[in-house]
Structure formats: C-alpha cells, structure tokens
Amino acid sequence: MKVKLTEREVLNPLGEVQDNKLDLNPLPYDFDKVSLVDNTKPGANIILKVLSKSLGNREFLCVKKPAGAPATEEQIKKAASSDVAILALGDCGSCTSWVVLDAIRMEEEGTPTISICSDYFAPFARNLAESHGLKCLRILEIKHPIAGLESDEVEEKALKIVQNLLYLLQIP
Amino acid sequence: MAKKDKKKVSDNSCGCSIDDLMNYEAVSYSNTDHDRLCGARDSDMEFFIDPDPEKISQEFYQRRLTDGLPIIPPTRERVDSFLKYSQHHPDDVIAVLPPKMGQATPEKIAINAVMAGCLPSFQPVLEQSIKAISHEKFNLTGVNATTHPVSISIIINGALTRQLGLNTGVGCLGPGNIANATIGRAIRLCLINIAGAIPGVGDHATHGSPAKYSFCFAENEEENPWESLHVERGYNPDDSTVTVMAAEAPHNVNDHRSQTAEELLDTVIHTATTAGCNNSHVPGELLIIMGPEHAQTINRDGWSKKDVQRYIHQNSHLPVVLGDRGGRKLDEKMIINGNIPITRSPQDVILVVAGGPGRHTMISHGFGSGSESITLKINTKPE
C-alpha cells in the first residue's frame, strides 16, 4: 500500500493592493506664480529660499504646513492656487510621507508639484507615491542629512539641486 | 500524524471510507466500468500533516514576513478557526493600511494572528484594532513611517478583558500573558505584512522600539477608584472596547514616599516633562498607566479623575528653549510665559489604572499632535 504524506499549505499574510492610477499634471511651459510649501522641518525654509531665487522674478506664495501630518484643506487650496508648487522637506519617515501625500492632494487639485526629499528617503517617497497611484510624482533629491546642519551647509546642498530644478521646469 | 483530511476524501482520494464509497454524490466516478478506482491513484492513502514550524518560520523570516520571532504556520484549518469569530465576511475590506495601502480583510488579519500565536477568540479585538488605527485622526501614515520610536498601545476595557483572560494586574505590560503578548504582536505583523511597515522599507524608526513587538494590556477596572477609560469616552461599563494610541515605550515613575495626591502627581509630572519627546514641541496625548496603589493614594485625598487630568495638564510644561528642538517647528501660539505645555488640554491626559501591587506608575508620551487615540466598541457575536 502506498501512503502519501502531504504537508498542509500555509496562507499568504500579505495584504492585497488595489491598482489605483492618478494623472500627473504636466509642468507649465511658462508660469508666473509658485507656491513654496514649507513643512517647518529644519532647513526647509533655506532650501525653498535658494530654489526660489533661481526662478527669477516670479510671484511666490509661502504656505506653511505641519511636518508628519496632513496639511489642512485650506493650506492645500492655498498652495494649489499657484501655477506650480514646490514642497520641502521630506527628510524623515513621517514628514516624507506627508510631503508626498500632500503633493498628491495638490496634483488632484490640478496643480503640478515638485517634492524635495533627501536622497535617503527618496526611494520610500517613490514607493509611497506609487502605492497612492502616482508613480511618476516629481521628487527632487537633496543629499541627506539636512537637519543638524549650519545654514550655509544647507544652502550649499540646496545650490547643488538648482540645476535639476531648472531642468525639470525647462528653464535654460 | 494528522487525521486523514475529510475534504480530500470527498475529493476522490483513495483511502475513502465505505460510507464515502457508497455515496455517489460525494464520490463521482469519472470513468466507465473498466476504471472503478478513485481519481487519485498515485497512492492508496493520503495523510495531511502540519508544516514544520521551524521551517516555515525560517522561510517567512527570509521573506521579511515576521517580526524576527518564530511563528505558527498559518494553515487554512487554523485560519478558518479564527474566522468563526469574525464579525465580517472573510474577504470584506475592513481597512486600507498605509504606506503600501494593503487591504486588511478578516482573512488576512486572521493569517497574521495565527502567526502571532493568538487564540481564535481574539479575532474581534484584532478586527476592531485594525479599524481603529485606520481612522484618519490616528494618522497611521505618519505613525508607520516615522523615524520616531512610536508604537501602538492597545488598551482593552470591559467584560471581554475577563473573557479573553487579559492581564490587568501584576506584569500587565509583559511578559507572561498570551492575550497581552499576542494581540499586540498580531497587530505588528498586520502592520508589517498588510501595511508594508517593514523596518527600513515602510517603517523608518531610527532605533525601532521594544514596544513595537507588543504593547497591549487591559485596564484594572476592579482596582480603579475612578471611571474607566471606556466609560470616560461615553461607553457603558458593560461594553467592551479597544483603544489604540500611538505611544512611546513606557517609562517608569517610582514613588514610594509621597503621601498626598499633589506630591505624587508632581513626581509623575517631573518624569513626563522632558525635552526630546514629541509632546515637547507638538503637544498632544500623554498616557498615564497608574498603578492601583498610586491611584488609591490620590483618591484618598478626594481627587477625581478630572482633577488629576487637570493638574497634570496645568503643570506639565518645559522651557521653550528645551522644547523647540523637534522636527516640526513649535507653534508659537502654544507658548505660555516662555514655557510649552506637553498636553493641549486635560483630555490629552489619558489616565488608566493597571498593574499590580507596588508604588509604580508608567507613562508613555504620544506622537505629539500628529496622532489622536481612537476607541471602538468590540462586538463578539457574529452579525
């Protein structure tokens, strides 16, 4: 008599993910007004200042939002009222999350965005954006770390990403 | 060796009982007279055995599906025994959990609960805990991804505490009790496997925390001189509830000498009022797990629960120069005479009584204003 022993299967503990796709707004060929969205992380204001200087004589709208938590509806509406929004800074887990998710909320309002994240957290930012349906969300990387640095050190790091910003915006 | 699998008997495996063979409904002969044997002819008998826990633990560990500890293999049979206690259909989506936006269904929760070593009767607690952490105000997105060592404290109240045998007394924060240990562990495994909060991938806590393995306990309602947490939050004393709070690992308050409410609470306040916690720059909830002896000392002075919460709120503050060192810039509107309070209101002081004999209290700072605790009722009867 042949006896067969079969090991019971084990079930997969991983959660299913629903396929969800959102549209990324194209960056405008030309633009007058830029929202600078500052989540108050150390150095975020310096980075935004350096980047805004590189954009020349345009109108800038400063919006503050909490790090590690969602922006209010009012903050989102205000930030989305410009032609383009630049968000800073994602240099930790929760602040990166809410830079990305608030950028997506602005994209859903029809405003193109550029999110500044440190290179250490940028892969997570991209995975998160993909999980929320916007794989192509524009994320501009700055060298980690930012917090704990002197102002001139942050400025130096910010200056190094100016060319990448101008390239994204197709500014010669 | 396991018993012969009944499901497979009616699936034409050989080794059928005479009752099965005579039951034409259950055993359909696919062929004609010349082929009267059952469909499965590679063996005369088939036995089903449970997988080796050591082997499955290693496989799951290599696939980053565990918290690092061994697991119980989640077989269909074990998972089904949990689903009998579910309040929902196995495939219902109870919550969608960030960062991966994984769908938490009763079946997926049960699989992770089996792995954690839970008992089947814990399933309703787990389902409501998952629902609670998915609440918008809980901000699971931030809680999962943060570099801060925030864990999820799960506090059970009501009759279910006794039914499930949760520890409310000596050593309630562990180790030693299956419910306290495995409910918290199951939620962590759900976060890893359903939400994608894998350390270094979706969970970026700089150091992590021992409290991330499990931080579950029940309130010691019998020795609580005040109203318990769920009653304070509008539920009936007989209701069973789960409260989830984003909280750091607990820190001890040792006070053997204070004899008045004020003296004792000053010790608690001194321990709680520290720079470097999230509350010091974004004031929010503060969990006080008060030992019954401390609670009796305070109650003896005629202080109500609200008196305690008010006193802690009003006196827990630190100089702005020390407080404003966190990631998020301090909101200047919160500053009072050069100081920053660590809570926003007396209601932010989440006061529960738990633990055994001894003059100790535990405190846990929250995630600041980045997360609010959520309390939900637990139903144990299937809908």
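**View 1. The residue that follows helix H3 of chain B.** Just after H3(B), Arg64(B) takes a positive phi of about 60 degrees, where helices (H or I, at least four residues) and strands (E, at least two) are DSSP runs, numbered from the N terminus. This is a predicted model, in which local features need pLDDT of at least 70 and side-chain atom pairs count only at pLDDT 80 or more, while totals for chains, interfaces and linings use all residues. Residues are numbered from 1 along each chain as its sequence is written, and chains are lettered from A and ligands numbered from 1 in the order in which they are written.

**View 2. Two sides of helix H3 of chain B.** In this helix, residues 53–62, the buried residues include Ile56(B), Ser57(B) and Phe60(B), a residue being buried if 20 or more other C-beta atoms lie within 10 Å of its own, exposed if 12 or fewer, and partly exposed in between, with C-beta atoms placed from the backbone. Because these three cover an arc of only 105 degrees around the axis, they lie on the same side of H3(B); the arc is that of the directions from the helix axis to the C-beta atoms. Glu54(B), Lys55(B) and Gln62(B), on the other side of H3(B), are exposed.

**View 3. A strand pairing between chains A and B.** S2(A) pairs with strand S3 of chain B, residues 102–104, in the antiparallel sense over two bridges, and strands count as paired if DSSP finds at least two bridges between them. Glu16(A) has Gln103(B) as its bridge partner in S3(B).
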